[in-house]
Amino acid sequence: MEPTRTAIGTWSGGRFMHYGEPLAQERLAALLTPGNGIDTVISADAYGQGEADRLLGSGIAELSPEDYSLVGAVGHDFYEGERDGPKGFPRFTDPGLRGSDQYGSYLRMATERLLERLGAERLDLLLLHNPDHTGYSSGQVWEGMAALRDAGLTDAIGVAPGPANGFTLDLLACLERYGPLIDWGMVILNPFEPWPGELVLAAAAEHEVRLITRVVDFGGVLWGDVRPGHRFAERDHRGFRPEGWVERGADRLAALTPILERTGLTPIQLACHWNLAQPAVQCVAPTLIQEIGDGAQSVEDKRAELAGLPNENPLTDQDLAEIRRIGDNAGCMALKGASPEHSGEPLPDRWGLSEELTAAGRRWGVDPERDLVRISGR
């Protein structure tokens, strides 16, 4: 089964990625098990160093593979690499770990181990998870990914930039080079964060690369239970967001009231339909977070709300434009990947511009100095 229009990822529930209250194992397994209106599940081998795969595997063990879509991701080497504190494990393309002639064998090994933990024979989609500059640009990487599809370990392959916002030029150049090989991509996109994800939509559509969108909930604000004054746990990943983001999100949500009332959508359903109306977007995967504090919506109710997304999109073209205007976030943060604001040696998540990347952006109407920099005061 190809990925369906709604999906749930193993980053939900706070057990493997630090969001809200971590769920107990049985509760999280039930949340992630496909069915009841959500038939696509996404995991990544780096989450819990394989523990997320095992947990998801327990949920799908009794199901027929024809009844759900199984998406996996590989890219961080926790087999031979050493964890660098909160930065996590290195990418498998780190030159300190292996040369380019070993990329294919690593990808094969990592995918086979992922399938073993899941208890599955094949994936419906395999994503290259959070690649570095080499991951986007190396022919050996994409030949290795395509070989996994040819070998029957996955029906489709794709790329999942991250973990933070950015990688715009890198993804554009990657689609230009390897678009014929790539079936799917995953990007951050939601009505309150149209930038910079929207800058790659036209290229994805042109190259017939379908998109999964994550962070559809804008850090929980669009679920309705993150409000000004909300208490976040000490290690909650949302702590990286710019100061005042919850307050700005609440103001934008209030501005959407007329559209919400007229359409009857909940905020997260509006966000999902806004995303699905964008070029190339075919799947939405919000984060389901059990927030801290009394009155927080349960993740089970959130799952049911996502599963209840109306089949027909009630948003008009005028609604879509107005939502984009309200949510405009251009220049609100420093971006990862190739950036005009980076100087010095390349880092695993950030590097300087090259003429090739700048030219790729230019072909898609993206001027790095204008479109990919933080604007003071935003």
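Leaving aside its neighbours within four places in sequence, with which residues is Phe 218 in contact? In this predicted model, the partners of Phe 218 are Asn 190, Phe 192, Glu 193, Arg 241, Trp 245 and Gly 249. Phe 218 itself sits in the loop that runs between β7 and α8 (245-255). With a relative accessibility of 5%, Phe 218 counts as buried. Its C-alpha lies 14 Å from that of Ser 12, although 206 residues separate Phe 218 and Ser 12 in sequence.

The strands offer a good way into the rest of the fold. Eight strands make up an open sheet, with parallel pairing and the order β1-β2-β3-β4-β5-β6-β7-β8. At its edges are β1 (8-9) and β8 (281-285), each of which pairs on one side only. Strand β1 runs parallel to β2 (residues 40-42), and two bridges join them. In this pairing, Gly 9 is found opposite Ile 42 of β2. Further along the sheet, β6 and β7 also run parallel and are joined by five bridges. Here Ile 188 faces its counterpart Arg 214, which belongs to β7.

Strand β7 deserves a closer look. Five of its five residues are buried, so β7 is largely enclosed by the rest of the structure. Both of its faces are covered: on one side are Arg 210, Ile 212 and Arg 214, on the other Leu 211 and Thr 213, and all are buried.

Another strand residue to visit is Ser 69, which is part of β3. Ser 69 counts as buried, at 0% relative accessibility. Beyond its neighbours within four places in sequence, Ser 69 is in contact with Met 1, Glu 2 and Pro 3, with Asp 39, Thr 40 and Val 41, and with Asp 124. Ala 334, by comparison, is 34 Å from Ser 69, C-alpha to C-alpha, and 265 residues from it in sequence.

Helix α5 (residues 139-150) brings the helices into the picture. This helix lies across β4 (125-129) and β5 (157-160), and it runs at about 135° to β5. Trp 142 has a wide set of partners: setting aside neighbours within four places in sequence, it is in contact with Leu 128, Gly 135, Tyr 136, Ile 157, Gly 158, Val 159, Cys 174, Tyr 178, Leu 181 and Ile 182. Trp 142 also features in the largest nonpolar core, which has 113 residues. Together with Ile 42, Leu 70, Ile 212, Leu 256, Leu 270 and Leu 315, it is among the core residues that touch the most other members. In soluble globular proteins, nonpolar side chains tend to be buried together.

Charged residues add links of their own. Side chains of opposite charge can pair when their charged atoms come close. The structure holds 23 salt bridges. One of them joins Glu 2 to Arg 210, with the closest N and O atoms 3.0 Å apart. This pair links distant parts of the chain, since Glu 2 is in the segment before β1 whereas Arg 210 is in strand β7 (residues 210-214), 208 residues apart.

A second salt bridge is formed by Glu 80 and Arg 98, whose closest N and O atoms are 3.5 Å apart. Both residues lie in the loop between β3 (69-74) and α3 (103-118), so the pair ties together parts that are 18 residues apart in sequence. The two partners contrast in their surroundings: Glu 80 is exposed, with a relative accessible area of 54%, whereas Arg 98 counts as buried, at 8%. Asp 77 joins Glu 80 and Arg 98 in a network of salt bridges.

A further salt bridge, between Asp 183 and Arg 149, has its closest N and O atoms 2.7 Å apart. Asp 183 is located in the loop between α6 (168-178) and β6 (184-188) and Arg 149 in helix α5, so that distant parts of the chain, 34 residues apart, are linked. Asp 183 is buried, with a relative accessible area of 19%.

Cysteines complete the survey. Zero disulfides are found in a search of the whole structure. For Cys 283, the nearest cysteine sulfur belongs to Cys 272 and is 9.4 Å away. Cys 283 is buried, with a relative accessible area of 0%, and Cys 332 also counts as buried, at 14% relative accessibility.

Methods. Residues numbered from 1 in each chain as written. Predicted model: local features only at pLDDT ≥ 70, side-chain atom pairs only at ≥ 80, totals over all residues. Heavy atoms only, no water. Disulfide = S-S within 2.5 Å. Buried < 20%, exposed > 50% of the residue type's maximum accessible area, 1.4 Å probe, protein only. Pairing = 2+ DSSP bridges. Helix = DSSP H or I, 4+ residues; strand = E, 2+ residues; numbered from the N terminus. Contact = heavy atoms within 4.5 Å. Axes fitted to C-alpha atoms, helices over the stretch in contact; angles between N-to-C directions. Core = buried A, V, L, I, M, F, W, Y, C linked by side-chain atoms within 4.5 Å. Salt bridge = Lys/Arg side-chain N within 4 Å of Asp/Glu carboxyl O.
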